[in-house]
Amino acid sequence: MSLERLPIIFRTEDLCAYYEDFMAIKHINIKIPQKQVTALMGPSGCGKTTFIRCLNRLHELTPGARITGSIYLRDQNILQLDPIVVRRRVGMVFQRPNPFPTMTIYENVLAGYKLLGIRLPRNEADEIAEWALRKAALWEEVKDILHRRGTFLSGGQQQRLCIARALAVKPEVLLMDEPTSALDPKSSLQIENLIVELKETVTIVIVTHNMPQAGRISDFTAFFYLGELVEFGPTAELFTNPKDPRTEEYLTGKFS
Amino acid sequence: MKFNLAGQFYDDIFRKISTVMALLIIGLVIGIFITLVIESWPSIKAFGLRFIWTTTWDPVSREFGALPFLVGTLLTSFLALIIATPFALAGAIFLGEIAPPRLANPISFIMELLAGIPSVIYGLWALFYLVPIVRWLEIKFGAPPFGLGMFTASLVLAIMILPYALSVARDVIKLVPQDIKEAAYGLGATRWETILHVIVPYARSGIFAGIVLALGRALGETMAVTMVIGNRSAMPHSIWDLGNTMASVIANEFTEATEDVHLAALVEIGLLLFVITVIVNLIARLIIIRLKVK
Amino acid sequence: MNTYPARENWRRIKNQIAVIIIILLALIPTLPLFFILANIIHEGLRSINLDFFLHLPAPPGETGGGISNALVGTFIIVGIAVIIGVPISILAGIYLSEYGKDSKLAEIIRISADVLQGVPSIVIGIVAYAWVVRPMGHFSAFSGSVALALMMIPVVVRTTEEVLRLVPDILREASLALGVPYWRTVMKVVLPTGMVGVTTGILIAVARIAGETAPLLFTAFGNQFMTLNPMEPMNALPLVIFNYATSPYEDWWRQAWATAVVLTFMVLLLNILSRILAKRIAGEK
Ligand SMILES: Nc1ncnc2c1ncn2[C@@H]1O[C@H](COP(=O)(O)OP(=O)(O)OP(=O)(O)O)[C@@H](O)[C@H]1O
Ligand SMILES: [Mg+2]
């Protein structure tokens, strides 16, 4: 599989992100292919989280944070769009599962509508909820307890609930920031399998520290180092034949 | 799509509304101060600084000096503080250090509930139960047996501020790190030595803050005092005398004041009371902030 | 090994004496507090019956009568105070926790809230008199509510802020990442998550203002008759206690005690309720 022939969903041009005066990511130019899984890797503090938070404009919520450059989502510069529209098109799943504690499982899945005050007809709401929960491979486990609090679920279930919540608003891209690092191995594996299936529906950009995981699930891998994009290419290629010495050092575990 | 895309617009409005409400709080404090100054202006103009150190309070001859009330407030508050502090301190040490949690928790709970009883009820109780006791005492000491008066007021105040000072002090004592205490016990110190040389010095400023906060309360306390102090607007000569505090004279005379300057004089007392309590509360706050920094 | 047996003994004895003195000192103040509670219950329960709740006050000097108007009055006056005070307080608390945070302005607002909380209630009464009674030309329940609202605002502001600050940021981000505007995130995610805590704060504040007398003396003023009109003078439980206790009539003293039981019960109930809620929050964490 080569990058050139795939349709591109995200393209950044000379993207820099700052915290106050500190430049956390530097001049990133990347093209993220549609309906593929792209993994972001790199040592801690290299700017992976910062980068994906730029992609749905969560970055700018940090006081003192700034962005320069441009980010194109299907040829529209998202920095010139309403951030709220951007975030509905680009969903996010966080490191720690964060279902809303005041809502039931059902309400959590439909939170993207409920919180915006959008009233769906009952049957449409039920349909979306079931669809999203099935997509998140959670339906069978929760279909009888839809009206209980989401916080009673196990960590892995909660994380899949968060995935369902993000999917329910039918985003084009799903950003995931180390979605399995707070979970046990079995739950992690479930989520990995889920991700592979989900790429039929959405484009996935996932941050991970776990090399085998990136190898199992991602089609492309971007390697970040000290805020720079060092290398980007098909995962298999990058893993077996890194072009940059820094990538190689990272992959062989020389720094962590 | 029929989504509400004007998020930014409502975000701005919401932010502005909550900012305005927050600013309103500053506005209220300033507004209270300005209102008090304006309302007391006739009195400020008529008496100037003399208001604070003259002792005649005579609505008939329109001569107003607030010294008796300043003295009444300070005397009763400090006396209450002197009475309450040893008990509050002992209680705080007992609940925070000596008593096992099984005992300390329910006692603290009841303490805090009692602290919530309205002051008018303390006044009612004092009027019918404390006054006879004080009268008996006064007979013993050869003082005029009013039962009412400054001393009675101090006693009720002491009872009322005690739970308050106690709970602040107890919280600070509980914050003393376990390892410091263990270090003292490890050196062979007895419990009393540990309390005296380790716990109390460590918690000193917090305990002090609690006492200052309690003073702030005592200074402004109105109902219980009004009901037992005897309401005499002359300079008191002893603690057995009938008297008035700043708060009680306002409570007693405000609705009866027919002359503008009388009303203004009462408001000016309120202004003084406001300034004093603000200063006392800010001092307590400063101590607490310093505590947190430490 | 112990070379100073006498000194060691003295230290031990001193310790025991000191601890006993502390315990005694600690127990003495529980006596008056215990007596207050016992006296209220004893004196009050003697004269409470259903009629007491249902009847209007008897004319001065006559026996009998009840506190129906004061009971209703307290609910109305406190209710209006809550309606005025709570929205302002919650929004100001939201400002402090969501927007102001550690800014200078927020710090000034916090200090102002502390100052406001320390203002003696009698002074609040004067201010409400100047702001509402004078312009209206007469005493009114509404002016009393304004006074009480001024007293509850700082309490609710500070608890709201504290509670909202405890709501984890990841919940805010989860909502924002769904494309929910910040104001909706605050109203629909942050506030509901902290609602139990905010309610606790409101209950504590209500418990405090329900028994306040001084600010009502020259605002709500009191009224021998039943009125539901907040623009008229209105009776309230604390006013009844004060007026009856300081009256020369024995039957009114009895009624003052009975009213005191009712008021104490109400205030204690609110306080206990708030504590149960507070425990529940602590349990959830
Ligand atoms: N809120 C912030 N304020 C200031 N600097 C920040 C902030 N968040 C992150 N940084 C800095 O920006 C740089 C990139 O951080 P980021 O969180 O993007 O790294 P990361 O690659 O996600 O690391 P990790 O693998 O540990 O999650 C780091 O040097 C970090 O210290
Ligand atoms: Mg990260």
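Trainee: What makes Arg275(C) and Glu112(B) a salt bridge?

Mentor: Check the rule. A salt bridge needs a side-chain nitrogen of Lys or Arg within 4 Å of a carboxyl oxygen of Asp or Glu. The side chains of Arg275(C) and Glu112(B) meet at 3.0 Å, N to O. That distance fits the limit, so the pair counts. Keep in mind that this is a predicted model, where local features need pLDDT of at least 70, side-chain atom pairs count only at pLDDT 80 or more, and totals for chains, interfaces and linings use all residues; side-chain values use heavy atoms, with hydrogens and water left out. Residues are numbered from 1 along each chain as its sequence is written, while chains are lettered from A and ligands numbered from 1 in the order in which they are written.

Trainee: How many salt bridges are there between chain B and chain C?

Mentor: The count is 5. Polar contacts are tallied too: pairs of N or O atoms within 3.5 Å, where within protein one atom must be able to donate a hydrogen and the other to accept it, and residues adjacent in sequence count only if both atoms are side-chain atoms. Chain B and chain C have 13 residue pairs in polar contact, both residues at pLDDT 80 or more. On chain B, H1(B) gives the largest share of the side that touches chain C, with 21 residues.

Trainee: What is that side of chain B made of, by class?

Mentor: It has 52 nonpolar, 16 polar and 7 charged residues. The classes are fixed: Ala, Val, Leu, Ile, Met, Phe, Trp, Tyr, Cys and Pro are nonpolar; Asp, Glu, Lys and Arg are charged; the others, Gly among them, are polar.

Trainee: How do you know how many residues of chain B and chain C are in contact?

Mentor: Apply the cut-off: heavy atoms within 4.5 Å. By that test, 75 residues of chain B are in contact with 81 residues of chain C. The two chains bury about 6,900 Å², with 81% of it on carbon and sulfur atoms. Phe14(B), Ile25(B) and Arg285(B) supply 10% of what chain B buries there, more than any other three residues. Buried area is the accessible area (1.4 Å probe) that two parts lose on being put together, summed over both.

Trainee: What area is buried between chain A and chain C?

Mentor: About 1,700 Å², and carbon and sulfur atoms give 70% of it. Here 26 residues of chain A touch 16 residues of chain C. The rule finds 1 salt bridge across this interface. Arg53(A) and Glu173(C) form a salt bridge at 2.7 Å, N to O. The side of chain A that touches chain C has 15 nonpolar, 6 polar and 5 charged residues.

Trainee: Why does the salt bridge of Asp75(A) and Arg11(A) tie together parts far along the sequence?

Mentor: First the distance: the side chains meet at 3.6 Å, N to O. Asp75(A) sits in the loop between strand E4 (65-73) and strand E5 (76-77) of chain A, and Arg11(A) in strand E1 (residues 8-19), so the pair joins parts 64 residues apart in sequence. Over all chains, the salt bridge count is 36.

Trainee: What makes a run of residues in chain B a helix or a strand?

Mentor: Helices (H or I, at least four residues) and strands (E, at least two) are DSSP runs, numbered from the N terminus. Chain B has 11 helices and 2 strands. Its C-alpha atoms fill a box of roughly 80 × 70 × 35 Å along the principal axes.

Trainee: Why is one space called a cavity and another a pocket?

Mentor: On a 1 Å grid over the protein atoms alone, a cavity is a set of points where a 1.4 Å probe fits but cannot get out; a pocket is an open set with protein on both sides within 12 Å along at least five of seven lines. Lining residues have an atom within 4 Å of a point. Points join across faces, edges and corners, and a volume is the space filled by probe spheres set on them. The search finds 4 cavities of 30 Å³ or more. The largest cavity has about 80 Å³. Among its 13 lining residues, Thr85(B), Ala88(B), Leu89(B), Ala165(B) and Ile211(B) are closest to its centre.

Trainee: Which classes line the largest cavity?

Mentor: Its lining has 11 nonpolar, 2 polar and no charged residues. H3(B) gives the most, with 5 residues. Now the second largest pocket: about 810 Å³. Its lining has 11 nonpolar, 3 polar and 12 charged residues.
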